[in-house]
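User: Hello! I am new to this structure and would like a close look at a single part, the aromatic rings and the helix and strands around them. Could you walk me through it?

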Amino acid sequence: MSRKLPPRNFIKLAADIFNQTANGIFITDNNRNIICVNPAFERITSYSENEVLGRNPRILKSGRHNSIFYKSIWDSLHEHSFWEGEIWNLRKDGKQFPVWQTIISIKSTHGHPNYYVSIFSDITTIEQSCEVLAFKASHDSLTGLPNRLLFVDRLKHLINRASRQQCEAGVLYIDVDGFKKINDHFGHATGDMILQEVAQRLLSCVRQGDTVARLGGDEFAILIELKTKNPCNLDRICQSIVSSFKTPYQLKGCIIHVSVSIGISRFPNDTVEPMELLNFADQAMYASKVAGKGQYTFFHCLPYKIDSREATSKTNLIDFSYDDFRISYRPVWFILDHALYGIEASIDSESIGIKKSECIQNSNKKNGGELSLRFENALLERVIKDLKKQKNIQQLPYKIIVPVSYEYIRQENIEQTLRKLIGFSKHVAGKLLIEICEASLIKNADHTESQLKGILSLGIQIGVREFGKDITSIRALSSIPITHCHLYQSKHQIHEHDAESYRTICCLIALAKSMSSLVIANNINCCEELSAFRELGVELGSGDAFGIGFSESALGSQHKEQKK
């Protein structure tokens, strides 16, 4: 039997907790003047108790937040007697630092606040990890340049700004000529050094405010804002770039000649659509290669134009049946004991034809996601139908993982749609796990909160895929009960002697575990990778390293057999 502590013992216990906790605590009177602080407060803020007694907590004010932010805090305290959130404070030495802070209003029997208790923890390390991950997600690790994701984001912002200011913009698509031969002849290490040098030469040819990005491989792009409507400005920049590559590289005692082919598109002359600008510049770049390499071509000078939108005509989809496809299942295993954790379900593109699959993807972009939603609904319907066929579904030792898009989740009637598919079977819902892209959850958390709560209320679990691709804040994720985090493919490869890759994977795993989520790593193809992920604390994985085959013909049992 438990026994209530005597008042004297309880007071001593409370005092011990106050003095020994790692969280900073300070208490104010109803005039908001500090009357008490604990040792952790002194350690975190560098203020001694004597320096803050009788003073207002605004001495910790960092200046990062406006009056509206502080008003929302007091509104919450007046209405709910509670506020919690992230806030930036100021140490005694003037340095700003982020904390996760909880403020509680202690009221009298008459309902008037007597004291305010503030409890906070320093989250500087977490913020720094998020900043590092955010940079890695938006920049190329080899050259340090913005990657395609950041380039496209800046392109969209520039187009919006140029439209308002009625100015022009240019996109340069650049490819290193004969780079494969350089890699084959001199080796990949030298090839990487060449790419780094190419990045520096491109940066030296543009202004500080222009964006130079590495799109992937040996392809680069430059985004230029033109204050005056004069195409000669782009012409001069391209001439400068081509001329700069006439000087050969000297690496490891070897003289290496490198040239680049450039394609240029202009806003608004060629198009006003950001992705079409990039596509048109790409087409012009290939025209430069055909013409002899080491030169540049404007898109408007091409003798032909490729309209990629013609390939997305709805007439190409007339003979498509949404029931005529196969489901592809991929097993996910527990790394420790090789037990089956779940099965990832997806539509087998070969079952509908590769050309139709590409056509559907292109048409989906044009038609606002309509086709994607129909596909996802068809996939879930088929998976649920297969689950319902199982006799003892509650005894299935694994769950079915179904990836869906943000567009699917944000539907207002998503809860009713899933409820209709599931019927009255809680066992079916309990075996379903819907996986959503991390970036969509973070950027659109406010718009999907009610939909996510509705899905969870059905008993369906939620997972995150592409974890680490675009992470900038864990607040949006931490508010959702996430079962597992699927590591972003390019982020979870562990290379020998690659300290940067190792730190990245450690940060991602730590963030996932802070949300009490399991971690999945894909394509673990050798025993060395399997051991490395096991040592890092990754619980789940898939790939050839498990040496286990899986039969897709039935869901009702585990079909394991050692590969010969």
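Analyst: Here is a walk through the aromatic pairs, one helix beside them, and a few backbone details. This is a predicted model, in which local features need pLDDT of at least 70, side-chain atom pairs count only at pLDDT 80 or more, and totals for chains, interfaces and linings use all residues. Residues are numbered from 1 along each chain as its sequence is written, and side-chain values use heavy atoms, with hydrogens and water left out.

Let us start with the rings. Rings of Phe, Tyr and Trp (its six-membered ring) pair if their centres lie within 6.5 Å; planes under 30 degrees apart count as stacked, over 60 as edge-to-face and the rest as tilted. By this rule there are 9 aromatic pairs. One of them joins Phe26 and Phe41, which meet edge-to-face, with 5.7 Å from centre to centre and 65 degrees between the planes. Phe26 belongs to strand S1 (residues 24-29) and Phe41 to helix H2 (residues 39-45), so this pair links distant parts of the chain, 15 residues apart. Helices (H or I, at least four residues) and strands (E, at least two) are DSSP runs, numbered from the N terminus.

How accessible are these two rings? A residue is buried under 20% relative accessible area, exposed over 50%, and partly exposed in between (1.4 Å probe, protein chains only). Phe26 is buried at 6% relative accessibility, and Phe41 is buried at 0%.

A second pair is that of Phe69 and Trp83: the ring centres are 6.1 Å apart and the planes stand at 90 degrees, so this pair is edge-to-face. Because Phe69 lies in helix H4 (residues 67-80) and Trp83 in strand S3 (residues 82-90), the pair ties together parts that are 14 residues apart in sequence. Trp83 is buried, with a relative accessible area of 10%. Back at the earlier pair, Phe26 and Phe41 form one aromatic cluster with Phe120.

Charges also visit rings here. A charge sits over a ring if NZ of Lys or CZ of Arg is within 6 Å of the ring centre and within 35 degrees of the ring normal. The charged end of Arg64 is over the ring of Trp88, 3.7 Å from its centre, while that of Arg201 is over the ring of Phe245, 5.8 Å from its centre.

Now for helix H4, the home of Phe69. H4 has 14 residues and spans 20 Å from its first C-alpha to its last, close to the 20 Å expected at 1.5 Å a residue; the expected span is 1.5 Å times one less than the number of residues. Tyr70, Ile73, Ser76 and Leu77 are buried in H4. Seen down the helix axis, the buried residues of H4 fall within an arc of 120 degrees, so they line one face; the arc is that of the directions from the helix axis to the C-beta atoms. An α-helix has 3.6 residues a turn, so residues three or four places apart point the same way. On the other side of H4, Ser67, Ile68, Lys71 and Glu79 are exposed.

Lastly, a backbone detail beside H2. Most residues other than glycine have a negative phi, and most peptide bonds are trans. Ser46, in the loop between H2 and helix H3 (49-52), has a positive phi of about 75 degrees although it is not a glycine. Ser46 is partly exposed, at 39% relative accessible area. Elsewhere, Phe267 and Pro268 are joined by a cis peptide bond, with omega about 0 degrees.
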